[in-house]
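Please open the structure in your viewer and keep the sequence panel beside it. The tour below goes from one selection to the next and says what is there at each stop.

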Amino acid sequence: MKWKEFRSLLIGLSSDTPLGRVVQIRAETNPDIIKEFTPGQRKIHEDWQKRTVKEFNPMEMERFLTQMLSFFTATGDVIEKG
């Protein structure tokens, strides 16, 4: 199966399906909704958040921050370090 086809099938998943519900729980960002999660839903959400943090690459972040600083310096919107 090609990526485009897989992606279209995945996007079309309804939250009525188990996989669709997991995707919905993982993607939730509204603190009011997260607060109402059951313990099981909260575990799914927190496990996903922890996994995302583990994939954080400090070198990529440093490169991004350097690019942003260069951008702001070039536009004259320099942010002073506290």
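Helices are taken here as DSSP runs of H or I with at least four residues, numbered from the N terminus. In that sense Gln41 has its place in helix H4, a helix to which the tour will return after a look at the whole chain. Please keep in mind throughout that this is a predicted model.

**The whole chain**

Begin with everything shown as a cartoon and coloured by secondary structure. The protein has 5 helices and 0 strands, so that the pattern read along the sequence is α-α-α-α-α. Switch next to a surface representation: the accessible surface of the protein comes to about 7,400 Å², and 61% of this area belongs to carbon and sulfur atoms. Of the 82 residues of the protein, 9% count as buried.

**The nonpolar patch**

Now select Met1, Trp3, Phe6, Leu9, Leu10, Leu13, Leu19 and Val23, which together make a nonpolar surface patch of about 820 Å². Which helices each supply at least two residues of the nonpolar patch? They are helix H1, residues 3-11, and helix H2, residues 18-27. Colouring the patch by helix will show that its largest share, 4 residues, comes from H1. Met1, for its part, is found in the segment before H1, and with a relative accessible area of 69% Met1 is exposed, because exposed means over 50%.

**The aromatic pair in H1**

Stay with the patch and display the rings of Trp3 and Phe6. A search of the whole structure finds 1 aromatic pair. Trp3 and Phe6 form this pair, with 5.7 Å from centre to centre and 40 degrees between the planes, an arrangement that counts as tilted. Both residues lie in helix H1, 3 residues apart, which is about one turn of the helix. Are the two partners buried or exposed? Trp3 counts as exposed at 60% relative accessibility, whereas Phe6, at 38%, counts as partly exposed.

**Arg21 in H2**

Move along to helix H2 and select Arg21, which is found there and is partly exposed, with a relative accessible area of 31%. If you show its side chain together with that of Gln24, you will find the two joined by a polar contact of 2.7 Å. Leaving aside neighbours within four places in sequence, Arg21 is in contact with Ser14, Ser15 and Gln41. The last of these partners leads on to H4: the C-alpha atoms of Arg21 and Gln41 are separated by 9.5 Å, although the two residues are 20 apart along the chain.

**Gln41 and His45 in H4**

Centre the view on Gln41. What does Gln41 touch, once its neighbours within four places in sequence are left aside? Its contacts are Arg21, Ile25 and Glu36. Gln41 counts as buried, because its relative accessibility is 17% and the limit for buried is under 20%.

From there, step to His45, which is also found in helix H4. His45 is buried as well, with a relative accessible area of 8%. With neighbours within four places in sequence again left aside, His45 is in contact with Ile25, Arg26, Glu28, Ile34 and Phe37. Ile25 therefore deserves a selection of its own, because it appears among the contacts of Gln41 and also among those of His45, contact meaning heavy atoms within 4.5 Å.

**The salt bridge in H4**

Keep helix H4 in view and add the side chains of Lys43 and Asp47. These residues form a salt bridge in which the closest N and O atoms are 2.7 Å apart, and the count for the structure comes to 1 salt bridge. Why are Lys43 and Asp47 separated by about one helical turn? The reason is that they are 4 residues apart in helix H4, which covers residues 39-54. Asp47 counts as partly exposed, at 35% relative accessibility.

**A last distance**

To finish, select Val22 and Trp48 and draw the line between their C-alpha atoms: the two are 26 residues apart in sequence and 10.0 Å apart in space. Val22 lies in helix H2, and at 25% relative accessibility Val22 counts as partly exposed.

Definitions and conventions
Residues numbered from 1 in each chain as written. Predicted model: local features only at pLDDT ≥ 70, side-chain atom pairs only at ≥ 80, totals over all residues. Heavy atoms only, no water. Patch = residues over 30% accessible without salt bridge, like charges linked within 9 Å, V, L, I, M, F, W, Y side chains within 5 Å. Areas by Shrake-Rupley, 256 points an atom, 1.4 Å probe, with all protein chains shown as cover. Salt bridge = Lys/Arg side-chain N within 4 Å of Asp/Glu carboxyl O. Buried < 20%, exposed > 50% of the residue type's maximum accessible area, 1.4 Å probe, protein only. Phe/Tyr/Trp six-rings, centres within 6.5 Å; stacked < 30°, edge-to-face > 60°. Polar contact = N/O pair within 3.5 Å; in protein donor to acceptor, adjacent residues only side chain to side chain.
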